[in-house]
Amino acid sequence: MTPSNDIPKTGRLALIAACVLMLVLAFIQCYNAADGIHWFFDPDYYRDMSCVQENLYGHFGKDPNYLNNYLWYNPLLTGVETLIVKFTGLPLNLAFAKAGVYLNLLAPITFTLMLVTLFDWRIAAAGLLSYLFLASGNHYTFDAATYSPWLYPGSFTQAIFYGNVIFCYKAFTTQKFYWFPILGATLGISFLGHTAPTIIIILILVILQTGNILKSFREKDYAAIRKYILQGAVVLILFVLFSMPLLYFIVGKYHLKFINRIPFEFVEDLFIFRNLPTLFRMNVGIALLIAVIGVVWFFRNIHQPVSRKIFLAWPALAILLFVYSTAVSSLDRNYNIHLPGTVPAFHYFFYLKAAQSVFYGFGLVFLLQYGFSRIKAIRAPQLKDGLLAFAVLLCAIIYYPFYRNRQDFVFYRTQNLLMDKATDKIQTYDYILNNVPQDKVILCEETTSIFPVMATARKMVSNGITYSNPYVDFWQRENARNSMLSYLKTGQPSSAKKLFDDYQVNFILLSNATFSNPATLSGFDSRLVYKNDSYSLYCIKM
């Protein structure tokens, strides 16, 4: 079996039909999972809502939650969501709930196109089977590459990654110059979307171009070396230009000086050492075995140098970066050793699972074609391809009942629907959004900092540590918040009263259960502007 796009028309149509039908099955499930969702239990959504709200106010480039600070999070998805809200007029929460089903569909489509471009429709159909239904298993969408209704930056940006693999292949196989500025531009766009896939592609480019330069150096072909250096320079320049909406702030304003390291050192519970047996059980199975067979077959039979290097480097880099990011977090927490960090380790595991689906495609096609070769009645190539398409689709249909009950669908949908019952929080969010000026600072407890306050893009003293600007001193702000809240409750420390002025606090949001009678508010020129069963909002004048 050799990958080839020279597939008989009938067989090719059967394989395309199998891909389309699998996409339809996955779309139906994702649509049903997101149907009726209005709010979200995951704070990531409220971080993104704050960025969209800030964009709608015309303040792109500003930190939506810290006064006089700048953008720090990749802005591509929130930029797209801003356009969706502007053109549809939907409330932010509903736009977020509905858009994921459609925007995330780009990922399986570009994944399929990647495999068709570099290999053929056989590999694409088998790989898509794994990508949609098998490789992700019971992982949540942010842990493993698949199609999901939940709109996370990582899930959305993977489509650009697969497109970059195509551009990388085209650039290095054809050596046509125009592919390199295209690649540089799409790399910059990828960085605006998410850091992890951008780093993987950049390292793949370095591997490919370093190999070319070393080969030319050995052959003393200095003209080729100059050409390769020019190609790299063009990619770099276009990358910087297209990623400038983020680079301008994190490099130009913050000089990449991380103060709060928690956002990129965060570790999912599943990837903590004690949970390795659970991680092992979730990933070891028939699908992984077929992918391993695919790796062996690929290594022994794919000799096209560019595609071979891309698809061997991809999983190797994902593993290396996963281990490194895990080590960065562990060394910092346990030994106070600060290594440069990128993003949480699970984002690299995500792309390892995507690579698993690619190799599953090779493994399954090899096994099926080997089986077909043992049956004398199956001789015609179009019959073999038709049976392969049927076998792939049959696997999808058989597994579909298990797929529908993935935690990513069941747990997320259940938890999101429960948020509808948080009526006091939702009503407080609506009041703040419609009545508190956008540039005002709200002092609130940690429990209300994420929602409702963060989602409104109002400024606050301190945000949740994982969502706090990494270029700003979190603990200074957190200690200030705690001192001010303590002062409201007990009158101590008295020095905390000055902090209200230092942080330009205009409003105070308090939970009624904790602050039933904040007596020290009498020391401020304050008035109660909103109250429900759970929360009270005060306006103060300093």
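**Exercise 1. How much space lies in the second largest cavity? Work out what lines that cavity, too.**

Before you start, a note on the model: it is predicted, so local features need pLDDT of at least 70 and side-chain atom pairs count only at pLDDT 80 or more, while totals for chains, interfaces and linings use all residues. Residues are numbered from 1 along each chain as its sequence is written, and side-chain values use heavy atoms, with hydrogens and water left out.

*Step 1.* Get the term straight: on a 1 Å grid over the protein atoms alone, a cavity is a set of points where a 1.4 Å probe fits but cannot get out, and a pocket is an open set with protein on both sides within 12 Å along at least five of seven lines. Lining residues have an atom within 4 Å of a point. Grid points are joined across faces, edges and corners, and a volume is the space filled by probe spheres set on the points.

*Step 2.* Read off the volume: the second largest cavity holds about 50 Å³.

*Step 3.* Go round its wall, and you meet Cys51, Glu54, Asn55, His59, Phe60, Gly61, Lys62, Leu71, Pro75 and Thr78. Helix α2 gives the most to this lining, with 3 residues. (Helices are DSSP runs of H or I, at least four residues, and strands are runs of E, at least two, numbered from the N terminus.)

*Step 4.* Sort the lining by class: 4 nonpolar, 4 polar and 2 charged residues. Here Ala, Val, Leu, Ile, Met, Phe, Trp, Tyr, Cys and Pro count as nonpolar, Asp, Glu, Lys and Arg as charged, and the others, Gly among them, as polar.

**Exercise 2. Describe the largest cavity and the largest pocket.**

*Step 1.* The structure has 2 cavities of 30 Å³ or more, and the largest of them holds about 70 Å³.

*Step 2.* Its lining has 13 residues, with Asp63, Asn65, Trp72, Asn463 and Tyr467 nearest the centre. By class, that's 6 nonpolar, 5 polar and 2 charged.

*Step 3.* Now the pocket: the largest one holds about 1,100 Å³. Among its 48 lining residues, Tyr73, Pro263, Val343, Pro344 and His347 are closest to the centre.

*Step 4.* Several helices supply at least two lining residues each, including α2 (43-56), α7 (153-174) and α16 (346-373). The top contributor is α9, with 6 residues. The class count for the pocket is 33 nonpolar, 11 polar and 4 charged.

**Exercise 3. In what order do the 5 strands of the open sheet run, and how do they pair?**

*Step 1.* Write down the order: β2-β1-β3-β5-β4, with mixed pairing. Two strands pair if DSSP finds at least two bridges between them.

*Step 2.* Find the edges: β2 (459-460) and β4 (525-531) each pair on one side only.

*Step 3.* Check directions. β1 (residues 441-444) and β2 run parallel, joined by 2 bridges, and Val441 stands opposite Lys459. β3 and β5 are antiparallel, with 5 bridges; Phe507 has Cys539 as its bridge partner. β4 and β5 are antiparallel as well, with 6 bridges, and they form a hairpin with 3 residues in between.

*Step 4.* Ask how enclosed β5 is. Buried means under 20% relative accessible area, exposed over 50%, and partly exposed in between (1.4 Å probe, protein chains only). Since 6 of the 7 residues of β5 are buried, the strand is largely enclosed by the rest of the structure.

**Exercise 4. Which residues does Leu15 touch, leaving aside its neighbours within four places in sequence?**

*Step 1.* Place Leu15: it sits in helix α1 (residues 9-34). It counts as buried because its relative accessibility is 0%.

*Step 2.* List the contacts (heavy atoms within 4.5 Å): Ile7, Trp121, Arg122, Ala125, Asp385, Leu388 and Ala389.

*Step 3.* Take Trp121: it is 106 residues from Leu15 in sequence, with 6.3 Å between the C-alpha atoms.

**Exercise 5. His255 and Ala457 both have positive phi values. Is each one buried or exposed?**

*Step 1.* His255, in the loop between α11 and α12, has phi near 55 degrees. Its relative accessibility is 59%, so His255 counts as exposed.

*Step 2.* Ala457, in the loop between α20 and β2, has phi near 65 degrees. Its relative accessibility is 0%, so Ala457 counts as buried.
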